[in-house]
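Thank you all for coming. I would like to walk you through a few parts of one protein model, so please have a look at it before I go on.

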Amino acid sequence: MEIKKRPLQSASTSDFTFEALQQIAPSAFVEVRGEDGQLTHKIDFDILKELLGEKIADEQEERFGFYWVGKQEVKRVAAQPTRQTLRPVEEKSVDWDNTQNLYIEGDNLEVLKLLQRAYLGKVKMIYIDPPYNTGNDFVYNDDFAMSREEQDEAMGNLDEEGNRLRRNLDSSPRFHSDWCSMIYSRLLVARTLLSNDGVIFISIDDNEVHHLRKICDEVFGATNFIAQLIWERAYSPKNDAKYISNSHDYIMMFAKNIDSFTIGRLERTAEANARYSNPDNDPRGVWKASDMSVKTYNAACDYPITTPSGKIVEPPAGRCWRLSRNAFRERLQDNRIWFGPNGDSTPAIKRFLSELKFDGMAPTSILFYKEVGHSQEGSQEVTALFGDKGVFDGPKPVRLLRRLMTLANLKDDSVVLDFFSGSATTAHAVMKLNAEDGGKRKYIMVQLPEETPENSPARKAGYKTICEIGQERIRRAGRQIKEEVGLLDNGLDIGFRVLCLDSSNMEEVYFEPHQTTQENLSLQVESVKPDRTPLDLLFGCMVDWGVELSYPIRKESVEGKELYIVNEGALVACFDEELSQETIEGIAQYNPQRVIFLEACFTRDADKINIYEQFKQLCSWSDEETYKRIQMI
């Protein structure tokens, strides 16, 4: 049996598209023999065209589309896999062993690719607050049209690791193109993470809202558009505005599949209930008068009504009553008709609050600050936690995220993703919602470790990066919420695991062994980088194999060898050398779904092959199961 090695790189978007096509059009796939001599499946486009028939666009046909410089390169970059990995940082984490939440430091495009295998179709809600492209925003290290390495190096736009960190100035001829490329690539990957009933919210302002709508129409499908919400972010006008004081931002809302998505409805407000009263002391409780006339004319409902005061009332011109004569008499007999306090007003129907069939109020497209907070409230929340003003500019208020979570119709165990995490308002809102209703919702925050400006309030307070601010906010908010809930916390999860994006755990020879020469062979005996720990290797394998990164992990020792048991057998890993039969039997006792070893665990190829036979017997696996479940790095 051939030894199967983990590829240790993310899946590509084309992999997922390929698998989806196999499900819906299996007849378009044929077996071919690859360069390695192994049989594999590929698409026969002639058969696929036959299946699609007239649904294929002719190359000569005119078509509508949104194009910009670098768009085609964006698609290629978004689709290609990454060899980077995620490394655990226990010392920055809170309640590492028990938490289900993740905070990931790194470029979100690479991180999204790494999350695809484990979280494909599992995220119920995505919220992002990306750079608005106002002319001096921070834009990620994307340049899909041409190389600027020399220019960036000359201008000092490279960080210590060689990553390009530059600002998208409005003087650039590619000002809008750069922003479109940045957001498009990330949305292409993020869409794959959404569940079929999932929804994405994107905060934006006037600078790029028109471009964002077109990009979302393409990525998510125009039919999945739900709303362009308007958030009243300012509570007072700016009197120094040159033209108009802009007091709102937008939040774009798209479903993954609008036929599967159900909007969350709002609870009745005190203001709505205040519209009900009981001026006649009706024993059925408070009620509200409802117009008894309608526009749709019906001669049978056009009749005069005599009020208690003796006044004759006709329906308004061109209208009629909504009740027939008999229905009116029945309502009148049951004291459900109101003629005003003096008994001489136009009759109205009494609608009782106690009889209202209410499954929630329909949300509106305008988010008023009185209901969801304004930008100053967001700043005040951060200041209250940190005790310092200006630690983070422009944080969204928690109430705004809570409203979006209501609209998203989250379940008790939903996963919420924010890959432009900033000050981590989203994590704060998830914890607060869980504290209120006892839910077990989980969050994944992703943030580039952008440095805080020199001499800024954040830097003076000791925070060198945005990530440090976000993580500290979660710590403080979690403690505050825990104190507010007290003994009723019901196992509230206020922890998070910190993971950092980094280069692969493996040396290049692992991926390109054919490039190893006789001269450097002695330097490449060990394929694992010397600074990587067993826990680094474990998480690298979890990312690669699609094991959820929040699963519980514990260590066991069997015959002096250290085992990592993930979620009680979802994955068992051992990276020690010279494994004994007793160690193999100890691993098999967990009936693992997956087993991973280092090749260095075995001194001879025969030992590697024998491991398959041992597990096959110990776990009663078939040849196919054994080949899939046991892999090496």
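Strand β4, which covers residues 102-105, pairs with strand β20 in the parallel sense, and four bridges connect the two. To find this pairing on the screen, look for Leu 102, which stands opposite Ile 444 in β20. Please keep in mind that what we are looking at is a predicted model.

Strand β20 also pairs with strand β19, residues 415-418, again in the parallel sense and over four bridges. In this pairing, Asp 418 has Met 445 of β20 as its bridge partner.

Now, are the residues of β20 buried or exposed? Strand β20 runs over residues 442-447 and is mostly covered, with six of its six residues buried. If you follow the side chains along the strand, Lys 442, Ile 444 and Val 446 point one way, while Tyr 443, Met 445 and Gln 447 point the other way, and on both sides they are buried.

Let me turn to a pair of helices. Helix α12, residues 398-408, packs against helix α13, residues 425-437, with the axes 9 Å apart and at an angle of about 65°. Angles from 65 to 115 degrees count as roughly perpendicular, and α12 and α13 are therefore described as roughly perpendicular to each other. The crossing in which α12 passes α13 is right-handed. On the α12 side the contact is made by Val 398, Leu 401, Arg 402 and Met 405, and on the α13 side the residues include Thr 425, His 428, Val 430, Leu 433 and Glu 436. Sorted by class, the contact of α12 with α13 contains six nonpolar, three polar and three charged residues.

The last part is a sheet. It is an open sheet of five strands in the order β22-β23-β24-β25-β26, and its pairing is mixed. Why is one side of β22 and of β26 left without a neighbour in the sheet? Strands β22 (553-558) and β26 (630-632) stand at the edges and each has a single partner strand, so one side of each has no neighbour there. From one strand to the next, the twist averages 25°.

At one of these edges, β25, residues 595-597, runs parallel to β26 and is joined to it by three bridges, with Phe 597 opposite Met 632. Helix α19, residues 605-618, packs on the sheet, where it touches β25 and β26, and its direction makes about 160° with that of β26. Helix α17, residues 534-545, lies across β22, β23, β24, β25 and β26, and runs at about 35° to β23.

Notes
Residues numbered from 1 in each chain as written. Predicted model: local features only at pLDDT ≥ 70, side-chain atom pairs only at ≥ 80, totals over all residues. Heavy atoms only, no water. Axes fitted to C-alpha atoms, helices over the stretch in contact; angles between N-to-C directions. Parallel < 35°, antiparallel > 145°, perpendicular 65-115°, else oblique. Left-handed = near helix turned anticlockwise from the far one by under 90°. Contact = heavy atoms within 4.5 Å. Nonpolar A, V, L, I, M, F, W, Y, C, P; charged D, E, K, R; others polar. Buried < 20%, exposed > 50% of the residue type's maximum accessible area, 1.4 Å probe, protein only. Pairing = 2+ DSSP bridges.
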